[in-house]
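Colleague: Got a minute to go through this model with me? I'd like to start with the overall picture and then look at a pocket.

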Amino acid sequence: MRNRIDHLVTASLERLRREGLFPPDWPFVFSVERPREKSHGDFATNAALVLAKAARLSPRLLADRIVAALPEQQDVERWEVAGPGFINFFLSASCLQTVIPAIQQAGSRFGESSSGAGRRVQVEFVSANPTGPMHLGHGRGAVAGDVIARLLQAIGCTVEREYYINDAGAQTLVLGRSVLFRYHALYGQEREMPEGCYPGEYVEEIAQALRQRDGERWLSSSLTEDPPMAVVEFAMQQCLHWIRADLALLNITFDTWFSERTLHQQGGILRAVAQLEAQGLIYEGLPDPPKGKQLESWQARPQRLFRSSQFGDEVDRPLQKSDGSFTYFAADMAYHLDKAQRGFDALVNVWGADHGGYVKRVQAALAALTGKKDLLTICLVQMVTLLRGGQPVRMSKRSGTFVTLREVVEEAGSDAVRFWFLLRSAGANLDFDLDLAMAKTNENPVFYVQYAHARVHSLERRLRERGLAESSEPPLLARLTEAAELDLLRLLSRFPEMIEQAALEKEPHKVPYYLLELSAAFHTYYNGCKILEEDAQLRGARLALVRAVGQVVANGLTLLGVHAPEQM
RNA sequence: GCGUCCGUAGCUCAAUCGGAUAGAGCAACGGCCUUCUAAGCCGUAGGCUACAGGUUCGAUUCCUGUCGGGCGCGCCA
């Protein structure tokens, strides 16, 4: 739709160029957009404002010239020059009505496009440590990542979903030790919990499972030394099992589970470091002291540093600890190199905001290793606060008020949780109001949208009940002339544009906002116009419109991974 | 202190690559069910877009600074 306007304006400009108004090689860069204000038409272009200088005319005078040179056609009913020199286009009703057959034809695929066709994109998200249950913040990132992946698929990209398992670090040893401690306790060997161990109940669950499988086998293992790898492995697998189950509850699956450990075992880190070394980007040096609270224990020790500051980072980053083992960053760097070498056209990472400090160094590493600057996009998703009874629930592992993602999903349901997580832009902190998300009232946006879909199907049921005849002829869409009907048609035609934009900008929250707007327009229509009219011709046209709305609401909800119920 | 995200109606938030008179929901107030689901609709009220500059035809949007909040800041992941 937008392209048609674009072509019209370009045709006019080319005509003016032939008349000598523009220099032969002057680039026609202008935008065609949907005006915010309804009275400004369906589309508006700023061409006259942007090109006024080139034409040596005032914007309004140029706009008049452009309008006069527009070619004849059917889609635009009228146009006007307005404001400082905008040209507003008002589509004809017949043009607006063409969206209905388009929706009928495309069905569940309406909204898809091919602008991303041929591009292989990887989306890495969640990547929660396998050392405990998932919390709400993980859930938000999971839903955001999943919908970004779905959006990219909708514009034609081939998408691979990946989960990076941090199974190589010290945290996994802490988990193992914690389990071992509980395991000993199960045999009555009470003692003080070792420093830094995880207190959660899930640790005991793992300990019990361990006893069930292995009996007394690990009783002789010391708590002061590193736990046996078999115990660590067992505990991690249990956590991963839970994580998969939690994600499945939210209808999220992955194509690839990538183990950090394999990078250590198969030399990936060494290769990445060697490459930087060869590029002369590694040196022995003293890292800058930490910038925050002064640590009295701070001692400068020479380390192998990566010159990340040459690639936009603030300071150079250490790759190797003083004991010779690699830092987490070194592994992450190798991981991203691995991704790049797998031949994706674009990489997307969805991270929690608490990892924001790592963006620059990972980008720096990737830029250094691949020479590509824009291969990786990192989306930061801000924190989630759980509200119960309007009051924030303080999350604290110690006080025992920790609420897991699973508990919330089981209480509120996947649909409500998914929709709610998407109701804020990623940059905004999110309050998850448990009471509101579960409410079956108009205050709950999930139900508002689902109800719109259910209403469409309620009409279908009524239609059958009453035995109203349906013509085998195509509906006479010219009968759709009410303002509410034209509003709906305009909204429907925006759906593919909305998806495209949400996908390109990786802003999944645009989808629920659109659906709320469409639902509101539908509810207004429903209250103002009778669909199942006596007049069979009018009824047929309205049914066609309503079915198109139902299809688009369903498509939108599917894109969000939310069910579109036929009955509430 | 540094980095980063944010600051928009009483509250929670939108706002197209920089566009025209900044929009919703909730809360408040007033209406609409003998008519396809009132889990709905209509109306009223509510704003110096934190503040001060700058860039330009035009700034909530971009740049600089100030104030306020979230997150992060050596060999944790």
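Modeller: Sure, here is a quick run through the chain as a whole and then one of its pockets.

Modeller: Keep in mind that this is a predicted model.

Colleague: Okay. How many helices and strands does chain A have?

Modeller: Chain A has 20 helices and 15 strands. Its C-alpha atoms fill a box of roughly 85 × 65 × 40 Å along the principal axes.

Colleague: And what share of the residues is buried?

Modeller: 49% of the 568 residues in chain A count as buried. As for the accessible surface, chain A has about 27,400 Å², and carbon and sulfur atoms make up 49% of that.

Colleague: What about contacts between residues at least 6 apart in sequence, how many join residues at least 24 apart?

Modeller: That's 71% of them in chain A.

Colleague: Switching to pockets. What volume does the second largest pocket have?

Modeller: About 740 Å³. It is lined by 21 residues, and those closest to its centre are Arg34, Pro35, Leu491, Arg494 and Glu517.

Colleague: Which elements give two or more residues to that lining?

Modeller: Helix H18 (483–505) and helix H19 (510–528). H18 has the largest share, with seven residues.

Colleague: How does the lining divide into nonpolar, polar and charged?

Modeller: There are 12 charged residues, six nonpolar and three polar.

Colleague: Where does the pocket lie relative to domain 1 and domain 2?

Modeller: Between them, because domain 1 (2–91) and domain 2 (97–115 + 442–560) both give residues to the lining of the second largest pocket.

Terms used. Residues numbered from 1 in each chain as written. Chains lettered and ligands numbered in written order. Predicted model: local features only at pLDDT ≥ 70, side-chain atom pairs only at ≥ 80, totals over all residues. Heavy atoms only, no water. 1 Å grid on protein atoms, 1.4 Å probe; cavity = no way out; pocket = protein on both sides within 12 Å on 5 of 7 lines; lining within 4 Å. Points joined across faces, edges and corners; volume = space filled by probe spheres on them. Helix = DSSP H or I, 4+ residues; strand = E, 2+ residues; numbered from the N terminus. Nonpolar A, V, L, I, M, F, W, Y, C, P; charged D, E, K, R; others polar. Domains from an automatic or database assignment. Buried < 20%, exposed > 50% of the residue type's maximum accessible area, 1.4 Å probe, protein only. Contact = heavy atoms within 4.5 Å. Areas by Shrake-Rupley, 256 points an atom, 1.4 Å probe, with all protein chains shown as cover.
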